[in-house]
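I opened this model to look up its aromatic pairs, one helix packing and a few backbone angles. The notes are in the order in which I checked things.

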Amino acid sequence: MAEKAPSAFGLRLNIWLLRISRNWIRVVTVFLAIYVSLPVVAPTLMAAGLTGPGRALYTIYSPFCHQFGFRSFYLFGDQPVYPREIAGSDWTPYEAYTNEVDEFSSFSQNDEFTLDWTLAHKNYPGNDQMGYKTALCERDMFIYFALFIGAVLYSRPAVRRRLRPLPIWLYVILGVLPIAIDGFSQLLGYPPFELWAPRETLPVFRVVTGFLFGIMTAWLGFPYINSAMQDTQHEIEHKLRGRGIDV
């Protein structure tokens, strides 16, 4: 009996891997749907007074995003976004709402992007007037939303059969360059770089560059993943049929 266990385990493992290889796009689609939805659940919980679960979601997503309020969407408040004053947006600026907030009262302009300043703005979820921010910033929300849209489209058999991977040069031009130019031109204006005057990109640019990066990543990556999964599927099917197992 002891010698049969590894064989039984190997059989179960191969069947499990076969199911994954056959249904990988469904798994990815469900994962992305959950991943892009929970950042919206966080402000909803905060507004409902369920601050414990809401803050737990912010904490879970914290390693994956800076979560700055001035670069995030808000729900249940005066505005959906609060760009910084230097962004030159028509929206009422972030500073108009936060200058009187206790968490930021000890900071001056010289403290911008120091560790304490960064953590304070990262950890502040919002309030009843502003609303509460999503657990991912504007750009990240649309990166993962675009990946989800790409997964939904790629789950259609006709699309999987016809779609070929996006050429790398086109991926760089349409997916990488816009987000790199927008992001780095902003980053390099702040300490410790300060290569030019600080700038804040507008929410619309974060949305567009994030969506382009996400959808182009889906177009590039999903066909390669599908090819690898098909190879895995055929290999396992051949192995199981060789053992007389109908798959």
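The entries below start with the aromatic rings and then turn to helices and backbone.

**Entry 1, status.** I note at the outset that this is a predicted model.

**Entry 2, aromatic pairs.** I looked up the aromatic pairs and found 19 in the structure. I took the one between F70 and W117 and read a centre-to-centre distance of 5.9 Å with 50 degrees between the planes. I logged this pair as tilted, because an angle over 60 degrees would be needed for edge-to-face and one under 30 for stacked.

I then checked where the two rings sit in the chain. F70 is in the loop between α2 (51-61) and β1 (72-75), and W117 is in helix α4 (residues 115-123). They are 47 residues apart, and the pair links distant parts of the chain.

**Entry 3, burial of that pair.** Are F70 and W117 buried or exposed? F70 has a relative accessible area of 1%, so I count F70 as buried. W117 has a relative accessibility of 5% and is also buried.

**Entry 4, a second pair.** I looked at Y74 and Y82 next. Their ring centres are 4.8 Å apart and the planes stand at 85 degrees, so I entered this pair as edge-to-face. Both Y74 and Y82 are buried.

**Entry 5, around F70.** I went back to F70 to see what else involves its ring. F70 and W117 belong to one aromatic cluster with F68, Y94, F113 and Y190. The ring of F70 also has a charge over it: the charged end of R84 sits 5.4 Å from the ring centre.

**Entry 6, α7 and α8.** How do the axes of helix α7 (residues 168-187) and helix α8 (residues 203-242) cross? I found that they come within 9 Å and cross at roughly 150 degrees. That angle is over 145 degrees, so α7 is roughly antiparallel to α8. The crossing of α7 past α8 is left-handed.

I listed the contacts as well. On the α7 side they include I168, Y171, L174 and G175, along with D182 and Q186. On the α8 side I noted, among them, F205, R206, F213, M216 and L220.

**Entry 7, positive phi.** Which residues other than glycine have a positive phi? I noted Q67, with phi near 60 degrees, and F76, at about 70 degrees. Q67 lies in the loop between α2 and β1, the loop that also holds F70. With a relative accessible area of 2%, Q67 is buried. F76 is placed in the loop between β1 and α3 (94-98).

Definitions and conventions
Residues numbered from 1 in each chain as written. Predicted model: local features only at pLDDT ≥ 70, side-chain atom pairs only at ≥ 80, totals over all residues. Heavy atoms only, no water. Phe/Tyr/Trp six-rings, centres within 6.5 Å; stacked < 30°, edge-to-face > 60°. Helix = DSSP H or I, 4+ residues; strand = E, 2+ residues; numbered from the N terminus. Buried < 20%, exposed > 50% of the residue type's maximum accessible area, 1.4 Å probe, protein only. Lys NZ or Arg CZ within 6 Å of the ring centre and 35° of its normal. Axes fitted to C-alpha atoms, helices over the stretch in contact; angles between N-to-C directions. Parallel < 35°, antiparallel > 145°, perpendicular 65-115°, else oblique. Left-handed = near helix turned anticlockwise from the far one by under 90°. Contact = heavy atoms within 4.5 Å.
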